[in-house]
Amino acid sequence: MITQPKLTPWPAGFIWGSATAAAQIEGAAHEDGKEDSIWDHFARVPGAIANGDLPEKAVDHYHRMPEDVQLMKRLGLGSYRFSTSWARIKPGDRFVNHTGLDFYSRLVDELLEAGILPWLTLYHWDLPQALEDRGGWTNRDTAYRFADYAEAVYGRLGDRVTHWTTFNEPLCSSLIGYAAGEHAPGRTEPKAALAATHHQHLAHGLASKRLRELGASQGKTGETGDRIGITLNLTNAVPIDPSDPVDLDAARRIDALWNRMYLEPLLLGAYPADLLRDLEGQGLDDVIMEGDLAVIAQPLDFLGVNHYHDDAVSGHPQAPGSRRAAQPTARPKSSPFVGSEFVTFPSRGLPRTSMDWEVHPDGLRRLLVRLGLQYPKLPPLYVTENGAAYDDVISPDGCIHDPERTAYIRAHITAVSRAIDDGADVRGYFVWSLLDNFEWAWGYGKRFGIVGVDYATGERTIKDSGLAYSEIISKSAASVYTGGD
């Protein structure tokens, strides 16, 4: 049973949306001039992706886009957060592929005609493989190539798109891609991961500056607003024993690596001092050039917050026979947490999703509130991803009854409402994901969508969670959401 919150008017203009990523839904991986991204390449590595799944077709959004936009309209979405594929727009980063841009131009037009705000993310992990062959994000030059790519996208879509996100979850495309080896490009090189982190920060700063110079920070009539930002996946690092100094230090380390290594260069223009001590000798200092941090700390109009779960942490080894985190494949991997590889993640005995992630809605409230307390100059917040994977089945009535996902979404929206009551400046919520999709290293085995997809036929079915979310959006038009069941 979800406790009812007090009746709370949502802020004026609060945005309700859903989100996807190009590499997970588009398919058409080698059509109309698109060449390999690092995910196309990585998926062909034996053992990299569960069941050997490939993103070649994904859920065929590239061809079914108008149908999908009509689904968004039927759900009542106010905004759709999507990403553009660098590998489609600039194949091999060699030239601007106008056919690739045409697809996104049609998508934007369809959204606007349906009354849905386009919310564009420039990088959701699909680096052109040709750039990875030249070092990828370990190569400082990639940051400058990213700014050029951002300019190409703005040049075609900037007359209609008003909300620009530079990066989605840089932690995943740096630490998990270059240190852990679970995400593309699949490298297990700690120094490379830190170089990738810094160069993605630099790329964000360069692209933000370029977009602002091109006029992206102003609306059509010259007004400013929540125009240019970034999305980070943030956690609450909770010591499993708050009285144990070893566990407290483990929580500090994960907070530094997961949260503050991203927040503080962006917001404060500096890496945290304790992080630099933890990473001494790991190579981060070697890639920070004079003037970089001033470029990185460009003004942010908004901060996107992706949150799915908290993380209980310990500095002690896990006991023999204790729960181990689920893994998509048996391919060897390493810890993403450079310099703190010894930290463990014990279970708190909470319910878990099929991704083996804890369900703790109040963690989202705590996170949103503490961000404002920790960073007084924090820009407005948007929850740009929140959702859950569960093992769905189609019932004999042809419907997808997903009570666990429905409860998850309701409970987390309640948590957002409470965070606003507690003073957090939250201006929107985007559920992940609109569609079942290619879930990275998990392939097609994990379903996050509020719309189900039959991977054989492509047929879409709005799940009960999608219907419930649609009802929440509708009720919010009266400025009140009364919570769960």
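Tutor: Helices here are DSSP runs of H or I with at least four residues, and strands are runs of E with at least two, numbered from the N terminus. The model is predicted, so local features need pLDDT of at least 70 and side-chain atom pairs 80 or more, while totals for chains, interfaces and linings use all residues. Residues count from 1 along each chain as its sequence is written, and side-chain values use heavy atoms, without hydrogens or water.

Student: What makes Tyr123 and Phe146 an aromatic pair that is edge-to-face?

Tutor: Rings of Phe, Tyr and Trp (its six-membered ring) pair if their centres lie within 6.5 Å; planes under 30 degrees apart are stacked, over 60 edge-to-face, and the rest tilted. Tyr123 and Phe146 have centres 6.4 Å apart and planes at 90°, so they are an edge-to-face pair.

Student: Why does this pair tie together parts that are apart in sequence?

Tutor: Tyr123 lies in strand β4 (residues 117-123) and Phe146 in helix α7, so the parts joined are 23 residues apart. Both Tyr123 and Phe146 are buried, meaning under 20% relative accessible area (exposed is over 50%, partly exposed in between; 1.4 Å probe, protein chains only).

Student: How many aromatic pairs does this rule give?

Tutor: The count is 36 aromatic pairs. Ring pairs also link Trp39, Phe42, Trp125, Phe438, Trp440, Tyr444 and Tyr455 into a cluster.

Student: How do you know that the charged end of Lys446 sits over the ring of Trp442?

Tutor: The rule asks for NZ of Lys or CZ of Arg within 6 Å of the ring centre and within 35 degrees of the ring normal. The charged end of Lys446 is 4.7 Å from the centre of the Trp442 ring and sits over that ring.
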